[in-house]
Amino acid sequence: MKQHRFCSDCEDQTSPMDLSISGDLKREWSACETRRRFLGRSGKVLGWAALASLFGEAIPRGIAFAADGKVFSAPGRNSLGLPHFAPKAKRAIYLFMSGAPPQMDLLDYKPNLAAEYDKDMPDSVRGNQQLTGMTAGQARFPIAPTHWPFGQHGQTGTWVSNLLPYTARMVDDLTIIKSTNTDAINHEPAIMLINTGNMNAGKPCLGAWLAYGLGSMNDNLPTFIVLQTKTNPKENNQPVSSRLWSSGFLSSEFSGVGLRSAGDPVLYLDDPAGVDRNVRRKMLDAVEEINRQTLADVGDPETNSRIAQYEMAFRMQSSVPELTDLSKEPQSTWDLYGPDAKEPGTFAYNCLLARRMAERGVRFTQIYKRGWDVHDNVVGMLPVLCQETDRGCYALVTDLKRRGLLDDTLVIWAGEFGRTVYSQGGLSQDNYGRDHHPRCFTTWMTGAGVRPGITYGETDEYSYNVVKDPVHVRDFNATILHCLGINHDKFTYRFQGLDQKLTSPVPASVVQGLLA
Amino acid sequence: MIAGAAGTLRDLQQRMRRIPIAWVGAITAGIVVVFLPSRFFLLDGRSHGDWLQFLGRFHPLVVHLPIGLILLLPLLELAGARRPALREAAGFVLQIALATCVISIFFGFLLAYGSGEMGGTVTRHMRGGVVLTLELLLCNIVRFSWGAGTLPRAYPTLLVGTLLTLAWTAHQGGSIAHGSDYLTRYMPAPMKRVLAPSAVVAHPESFFARHIYPVLDTKCVACHGTSKEQGGLRLDSYEALMAGGKDGAVIAPRNPDRSILLQKVTLPPKDPHFMPAEGRPPLTPDEIARIHAWVLAGASAETVSVPGIFIEEDREQALPPVDDYSALIGDIRQMQQSQGAKLVAVSATPSDGLILRTVDVAGSFDDAQLAKFERFAPFIVEAELGRTAITDASLETLSQFKHLRALHLEGTAVTGRTLGKLSSLSQLTYLNLSGTRVTSEAVASFKNVSKLRHLYLFDTPAELASPAAENSLSSAQ
């Protein structure tokens with residue numbers, strides 16, 4: 001008979017407890033061993049899976065109560081005790097502008113640059129920074145002022161590019177951060193860094209941490225949903241992969257559930273012809289039974305996740321069609337979101353879905369919009385990108401606000417980095433390009449927990465270096481967690497002998513100046 | 001007795017003759033300085049020369065050397081009773097203390113003269129420093145006699161006096177550097193009531209008392225208050241603020257642009273006239289906005305609210321904690337299993353309360369179900385009843401949920417006929433009635449809920465009647 005690697009019956013082998021390994025690993029081992037004994041020798045009765053299902057549904061996620069009155073943790077969770085303090089935001093919606101929007105063409109107004117057209121950027125501004133391979137070989141770095149006029153808007157008099165007429169209407173509600181900065185200069189490491197706190201894949205993303213820490217607010221929809229905007233083939237679309245909404249070393253039930261941007265939002269959600277709901281239920285019960293046996297045999301907690309995911313999928317068979325059925329939306333919705341919102345997969349449609357998910361208790365929604373990687377044709381592509389996203393952003397914030405949802409929802413708008421003030425490739429009066437730029441980029445937040453109507457941080461006259469109040473992406477994430485009632489330093493998960501957290505390993509801090 | 005005193009005097013005279021003439025001169029000069037009126041100190045409230053200030057700023061650094069040495073002195077003398085070598089060292093320490101004290105006074109004067117600081121505390125600190133030096137000088141003299149056994153009491157007495165002077169002078173110096181309330185600001189309340197009765201501000205409910213005075217108190221009064229009066233300006237009361245300084249008024253009511261105070265705090269931080277000076281923390285944009293709006297509104301001492309300024313009260317202060325529900329946890333869990341609606345903890349702190357969450361069973365959650373949660377009402381701070389099947393009848397039940405801060409009734413069948421019942425919810429700050437059939441008359445019937453700050457009437461008849469209902473309500477706060 002094949003022996004499992006966790007089996008403790010092989011007495012002739014050296015016990016891990018005798019090895020010179022760290023105490024954490026030994027404890028981890030002994031925890032496994034206990035479970036093996038419990039599961040293996042109790043005649044395959046209930047086991048953890050059964051226990052989990054007995055407690056599982058009734059326990060409110062986050063903080064669960066045991067009958068004896070003590071705070072009780074479901075299997076697979078540590079005693080998190082979250083939220084650490086009363087949160088201002090219950091949920092968050094993250095509008096992710098993948099590819100990196102050019103900050104000086106949208107929100108970081110630099111009127112002085114018009115006079116600097118085609119002049120060389122002073123070497124002192126760039127310092128000894130290593131550029132990407134795309135512009136490192138350029139003979140010169142001519143300054144490309146923005147092509148579009150800016151105007152002042154709102155009571156705050158915030159400068160906004162004419163490319164964003166809708167965003168301009170809501171500047172008094174926004175918390176604009178001009179000093180966001182990151183470590184990475186290329187898309188994949190940068191997008192991993194802002195989403196997971198680490199440039200390398202394998203760490204849980206913000207949404208997974210929230211799902212793990214705060215749990216679900218409803219039983220019928222996933223805690224963390226990812227919406228991808230369908231791509232415009234004319235745009236320079238950088239790939240976006242499921243690594244970005246991965247749960248990393250956390251249980252995979254905390255990873256983001258992607259809804260498709262075209263066709264059925266979830267594939268194979270409808271029952272096949274000839275299979276009714278009861279048959280489906282019976283089949284799932286049988287699969288669950290098999291899974292529980294596997295769990296008892298192997299003791300892999302991922303089996304538990306699988307059981308939970310099958311159950312979630314079954315419930316989503318009715319909850320997702322209800323979620324995506326927009327036929328009952330009043331005319332005022334379409335007036336606000338515009339005609340694009342009627343077409344599934346557009347950014348405006350996804351924004352509308354995000355509002356509906358907020359109403360239905362989805363904890364974290366992340367909308368990806370690709371195509372912002374405007375290397376060589378800013379003048380050609382930027383108006384298209386703004387036209388695709390501007391109204392959706394405004395409509396979402398306004399809709400949340402008028403429905404009273406912005407009081408407990410945090411909305412975040414960010415890319416993975418910024419773009420250079422100097423032109424990539426040729427600079428002409430009609431067009432220019434912009435390369436990647438990690439040292440500063442503009443993001444905004446609004447809603448629960450952040451202070452509306454402020455601009456935080458400043459960049460130098462070239463929008464190249466941060467000169468005041470820098471906000472590193474780790475600080476950015478720490479601030480988001482704070483708005484949701486989480487102390488980022490205390491929110492850890494022990495893995496590979498380390499207390500891992502979203503904002504590790506370099507110390508991060510909550511940006512107090514952003515908070516309401 | 002008399003002979004003894006005469007003998008002592010003779011002895012002292014003999015000793016005095018041995019004292020160098022320079023010492024006698026120093027003592028005389030010191031006494032003169034102590035009794036000079038403060039205007040002779042050449043302090044005119046203006047700043048002088050960068051060099052003077054640069055050197056003067058070493059005063060806080062240098063001054064700790066004599067402090068340490070003087071504190072060391074009694075220890076050495078006491079320990080010297082057993083180990084004579086230490087007593088020998090004490091004499092040396094005393095001389096060094098004297099020397100460093102003189103150096104500190106020199107730097108201190110440069111600091112005061114250079115920075116143009118003046119006011120009661122500065123002169124007190126200065127006199128204290130001179131007295132302290134004099135005492136050290138005398139200590140040096142009488143210590144010889146003490147060592148010889150002729151004046152056994154004089155030196156210990158003088159040393160105790162020196163320590164007391166040191167404490168008093170150091171406190172004056174600390175008050176200049178950190179503000180006079182530095183020690184008492186975070187004193188626990190009971191201790192504070194006994195030791196430091198707080199300043200009484202007239203009209204405690206006024207905008208000035210609640211939002212302007214605290215800014216001045218934390219950011220300005222260290223230099224413009226009782227301890228220092230830079231530029232002849234004091235900002236520690238409404239009257240003093242309006243009286244202005246030696247350059248005239250600093251507040252021009254209804255005219256923020258011509259108010260010197262606002263001009264100074266909004267200069268570029270590198271400007272030499274920028275306030276607060278000397279790298280003290282600047283005013284935040286929020287604080288400046290408050291002062292600006294207050295001046296624009298007339299800079300009155302009594303006005304309670306100022307148009308255009310909405311200040312969110314501290315959440316923790318505004319909301320009283322709920323009772324601990326730990327004892328009921330078993331029941332809470334049972335409730336979840338039988339009803340499907342959940343009671344969720346707001347945070348890990350039980351006094352933050354519970355949220356009633358119905359989203360999973362919204363369609364079937366009706367008035368009867370809500371009534372079953374009434375026994376948990378003291379712990380529920382938020383009721384998420386959006387899109388449930390409850391009706392107007394539930395408002396009666398909800399009126400018993402005294403700790404409710406947020407109430408979601410959006411998309412329910414509530415018509416608002418009985419909305420007045422919610423007036424008893426004194427903690428309610430958020431009420432969402434979007435998508436209901438609530439009319440503006442119904443809304444008017446309960447608008448006197450004092451803390452209500454966010455009322456949502458989107459997609460209701462009431463909204464159609466007054467589209468700006470939410471806006472007008474929030475701006476009125």
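## Helix α8 and what follows it

Right after α8(B) comes G179(B), which has a positive phi, near 95°. (Helices here are DSSP runs of H or I with at least four residues, strands are runs of E with at least two, and both are numbered from the N terminus.) This is a predicted model, where local features need pLDDT of at least 70, side-chain atom pairs count only at pLDDT 80 or more, and totals for chains, interfaces and linings use all residues. Residues are numbered from 1 along each chain as its sequence is written, while chains are lettered from A and ligands numbered from 1 in the order in which they are written.

Helix α8(B) itself covers residues 154-178. Its 25 residues, at 1.5 Å a residue, should span 36 Å, and the end C-alpha atoms are indeed 36 Å apart; the expected span is 1.5 Å times one less than the number of residues. Among its buried residues are Y155(B), L159(B), L166(B) and I176(B). (Buried means 20 or more other C-beta atoms lie within 10 Å of the residue's own, with C-beta atoms placed from the backbone.) The cover over them includes α5 (64-80) and α7 of chain B.

## α6 against α7

How do you describe two packed helices? You give the angle between their axes and the distance between the axes. For α6 (residues 84-115) and α7 (residues 120-148) of chain B, that's about 160° and 10 Å. (Axes are lines fitted to C-alpha atoms, for helices over the stretch in contact, and angles run from 0 to 180 degrees between N-to-C directions.) So α6(B) and α7(B) are roughly antiparallel, the word for angles over 145 degrees.

Residues that meet here include L94(B), L98(B) and I105(B) from α6(B), and V122(B), M126(B) and L136(B) from α7(B). (Contact means C-beta atoms, placed from the backbone, within 7 Å.) By class, this contact has 14 nonpolar, seven polar and one charged residues. (Ala, Val, Leu, Ile, Met, Phe, Trp, Tyr, Cys and Pro are nonpolar, Asp, Glu, Lys and Arg are charged, and the others, Gly among them, are polar.)

## Where chain B touches chain A

How many residues of chain B are in contact with chain A? There are 27, and they touch 27 residues of chain A. The elements of chain B giving two or more residues to this side are α15 (329-339), β1 (342-345), β5 (430-432) and β6 (454-456). α15(B) gives the most, with six residues. By class, this side of chain B has 10 nonpolar, nine polar and eight charged residues.

Definitions and conventions: Two residues are in contact if their C-beta atoms, placed from the backbone, lie within 7 Å. Angles under 35 degrees count as roughly parallel, over 145 as roughly antiparallel, 65 to 115 as roughly perpendicular and the rest as oblique. A residue is buried if 20 or more other C-beta atoms lie within 10 Å of its own, exposed if 12 or fewer, and partly exposed in between; C-beta atoms are placed from the backbone.
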